Amino acid sequence: MNNRKSLWILSALFVTAFLLVAQVQVSAQRAGGAQSSSGVQAHSAVVDQDLVIPLGDLSATAQFYPVVIEGVQMEVLAVKAPDGTFRTAFNTCQVCYASGRGYYKQSGNALVCQNCGNRFTMGRVEVSSGGCNPVPIFPQYKTVDSEKITISKDFLVKAKGIFAKWR
């Protein structure tokens with residue numbers, strides 16, 4: 001009888017431990033371990049506040065920053081361009097955003113629209129406006145200092161419409 005009770009207690013402990021580990025993994029993923037549209041590990045999601053991007057994070061490889069504003073999932077991409085400047089854009093295409101697939105993934109030195117296949121080099125981010133390209137976040141819509149780029153929540157709220165059908 002004691003062996004039977006011990007086996008039951010051991011089984012209950014095993015199931016409890018398994019559930020706790022599963023819960024921790026789900027919580028960690030929701031807190032920032034989610035994948036971005038690029039398919040790479042994303043940064044922690046910012047929810048209803050300014051987005052702050054440390055310049056130390058940026059290189060020639062695009063970084064993707066998920067943002068949730070008033071329940072709308074958005075994403076900002078940031079990159080260090082070949083000329084050494086830091087560039088930002090919304091990770092949605094100005095033409096293809098309504099398709100739900102108008103977002104970019106990096107392929108080599110280019111960002112590729114997942115709807116139409118158009119390609120943009122990192123040097124074109126935040127330069128082109130209009131047409132099929134990542135929606136630029138021009139200097140007047142952000143603050144840049146020696147350590148970080150800050151994009152205000154107010155500006156993010158104004159842009160959430162282009163993410164209404166995103167992914």
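Colleague: What is the accessible surface of the protein chain, and what share of it belongs to carbon and sulfur atoms?

Modeller: This is a predicted model: local features need pLDDT of at least 70, side-chain atom pairs count only at pLDDT 80 or more, and totals for chains, interfaces and linings use all residues. Residues are numbered from 1 along each chain as its sequence is written, and side-chain values use heavy atoms, with hydrogens and water left out. Accessible areas come from the Shrake-Rupley method with a 1.4 Å probe; for residues, only the protein chains shown count as cover. The surface comes to about 9,500 Å², and the carbon and sulfur share is 55%.

Colleague: How many disulfides are there?

Modeller: A disulfide is a pair of cysteine sulfur atoms within 2.5 Å. The sulfur of Cys 93 has its closest cysteine sulfur in Cys 132, at 3.1 Å, which is too far for a bond. Cys 116 is in no disulfide either, with the sulfur of Cys 132 nearest at 3.3 Å. The count is zero.

Colleague: Is Cys 93 buried or exposed?

Modeller: Buried means under 20% relative accessible area, exposed over 50%, and partly exposed in between (1.4 Å probe, protein chains only). Cys 93 has 0% relative accessibility, so Cys 93 counts as buried.

Colleague: Which strands stand at the edges of the open sheet?

Modeller: Strands are DSSP runs (E, at least two residues), helices are runs of H or I (at least four), and both are numbered from the N terminus. Two strands pair if DSSP finds at least two bridges between them. The five strands run in the order S1-S3-S4-S5-S9, with mixed pairing. Each edge strand has a single partner, so one side is left without a neighbour in the sheet: these are S1 (46-47) and S9 (134-136).

Colleague: Which residue in S4 stands opposite Val 68?

Modeller: Strand S3 (residues 63-69) and strand S4 (residues 72-80) pair in the antiparallel sense over seven bridges. Opposite Val 68 stands Gln 73.

Colleague: Where does the largest share of the largest nonpolar core come from?

Modeller: A nonpolar core is a set of buried Ala, Val, Leu, Ile, Met, Phe, Trp, Tyr and Cys residues joined through side-chain atoms within 4.5 Å. The largest has 23 residues, and those with the most contacts inside it include Ile 53, Met 74 and Val 76. Strand S2 (51-54), S3, S4, strand S11 (148-151) and helix H2 (153-159) each supply at least two residues. The largest share, four residues, comes from S4.
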